Amino acid sequence: MRTRLTDLLGVEHPVMLAGMGGVAYSALTAAVCEAGGFGCLGASTMSTGQLRDEIALTRSATARPFGVDLLTAFADTLVAQTEIALEGGARALVAGLGVPSRVVDLCHRHDVLVVSLCGKVEHARRAIDAGCDLVVAQGTEAGGHTGAVATMVLVPLVVDAVDGRVPVVAAGGVADGRGLAAALALGADGVWVGTRFIATPEARALPGYHERILAAAEDATVVSRAFTGKTMRVLRNATTERYEKDPSALRPFPEQLGVALGEGTFHLGGDETTTGVDPEREGYPAGQVVGAIDEVVPAARIVADMVREAEAILARLGA
Ligand SMILES: Cc1cc2nc3c(=O)[nH]c(=O)nc-3n(C[C@H](O)[C@H](O)[C@H](O)COP(=O)(O)O)c2cc1C
């Protein structure tokens with residue numbers, strides 16, 4: 001399925017794997033690349049050494065273009081991690097939690113695209129002014145750090161504001177071909193998919209994560225500051241409820257992250273062998289679309305089904 005996005009990224013399908021911290025490591029990234037999508041390493045939970053290793057593993061598993069996702073808010077490591085991504089041959093540097101203005105020129109000197117995650121029209125305007133090559137309009141439905149505006153409202157607003165200068169990618173609540181077709185109908189050039197890819201055998205996952213995702217209904221998530229101090233959509237549990245009852249106990253970002261690590265309620269970056277994870281207390285980022293996920297499915301099948309289904313829908317609507 002060809003769009004402006006596939007041309008820019010050099011991939012077959014307009015499906016991007018969200019660079020989910022703690023989840024999108026080399027196995028998942030390479031699987032999405034090999035399926036014709038654009039895989040993106042979630043590097044926010046990686047040390048510099050780990051990022052180097054994960055890039056090497058990705059490159060040994062696929063020759064296709066891939067991206068690296070960082071968090072602008074972690075200003076101390078942004079430049080160092082970006083340099084590793086550039087050395088490693090990433091095609092795109094993706095940044096959440098703020099426009100990555102400090103690294104735009106550096107990336108462009110290496111012919112690497114810069115992508116910014118935006119939860120508001122104003123963020124998209126700032127991203128373009130800073131020279132970003134692509135914006136992801138991420139609705140509040142999304143898992144992980146998220147804003148307050150829904151995907152259905154945000155995407156067309158960002159498309160209008162961007163006015164064709166760069167491609168726009170829709171994120172938040174996309175799990176199948178209906179979501180991809182809807183995103184294209186809203187004027188987006190592709191989709192950025194997170195939560196659906198957690199329930200894959202290739203995803204890195206803490207104990208209890210898959211089980212909780214499969215069991216969750218669409219109203220099982222909540223936007224909470226409990227795990228980092230910033231608004232993050234996670235599966236509701238005893239920890240989110242405790243802070244909901246007593247928000248005065250919350251510390252600002254990033255202090256609350258230290259509190260969560262100390263309390264043993266946030267192990268993102270660990271894997272299925274991590275000990276001390278209590279699902280009733282753990283911060284499991286997830287979007288509202290968990291309600292539509294009831295099976296662990298290989299990443300390649302998710303990409304193939306999504307594209308096939310979207311093409312059928314668009315053909316039917318066109319007819
Ligand atoms: C487990 C998880 C971790 C995430 N970590 C990051 C991150 O480190 N950096 C980032 O830019 N976005 C992160 N996000 C947000 C995703 O990039 C993406 O915007 C979101 O998952 C899309 O919505 P969906 O979950 O409904 O597909 C994360 C999301 C999840 C579910």
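Hi everyone, this is a short walk through the cores of this protein, one residue, Met 16, and one helix, H12.

This is a predicted model, where local features need pLDDT of at least 70 and side-chain atom pairs count only at pLDDT 80 or more, while totals for chains, interfaces and linings use all residues. Residues are numbered from 1 along each chain as its sequence is written, and side-chain values use heavy atoms, leaving out hydrogens and water.

Let's start inside. A nonpolar core is a set of buried Ala, Val, Leu, Ile, Met, Phe, Trp, Tyr and Cys residues joined through side-chain atoms within 4.5 Å. Buried means under 20% relative accessible area, exposed over 50%, with a 1.4 Å probe and protein chains only. The largest core here has 100 residues, and among those touching the most other members are Met 20, Leu 28 and Trp 192. Where does this core lie? Domain 1 (4-202 + 295-314) and domain 2 (209-291) both contribute residues, so the core sits between them; those bounds come from an automatic or database domain assignment.

Now Met 16. You'll find Met 16 in strand S1, residues 15-17; strands are DSSP E runs of at least two residues, helices H or I runs of at least four, numbered from the N terminus. Met 16 is buried, at 0% relative accessible area. Contact means heavy atoms within 4.5 Å, and Met 16 touches residues including Leu 5, Phe 38 and Trp 192.

Finally, H12, residues 255-263: Gln 256, Leu 257 and Ala 260 are buried. Seen down the axis, the buried residues fall within an arc of 105°, so they line one face; the arc uses directions from the helix axis to the C-beta atoms. They pack against helix H11 (238-245). On the other side of H12, Leu 261 and Gly 262 are exposed.

How values were computed: Lists of a residue's contacts leave out its neighbours within four places in sequence.
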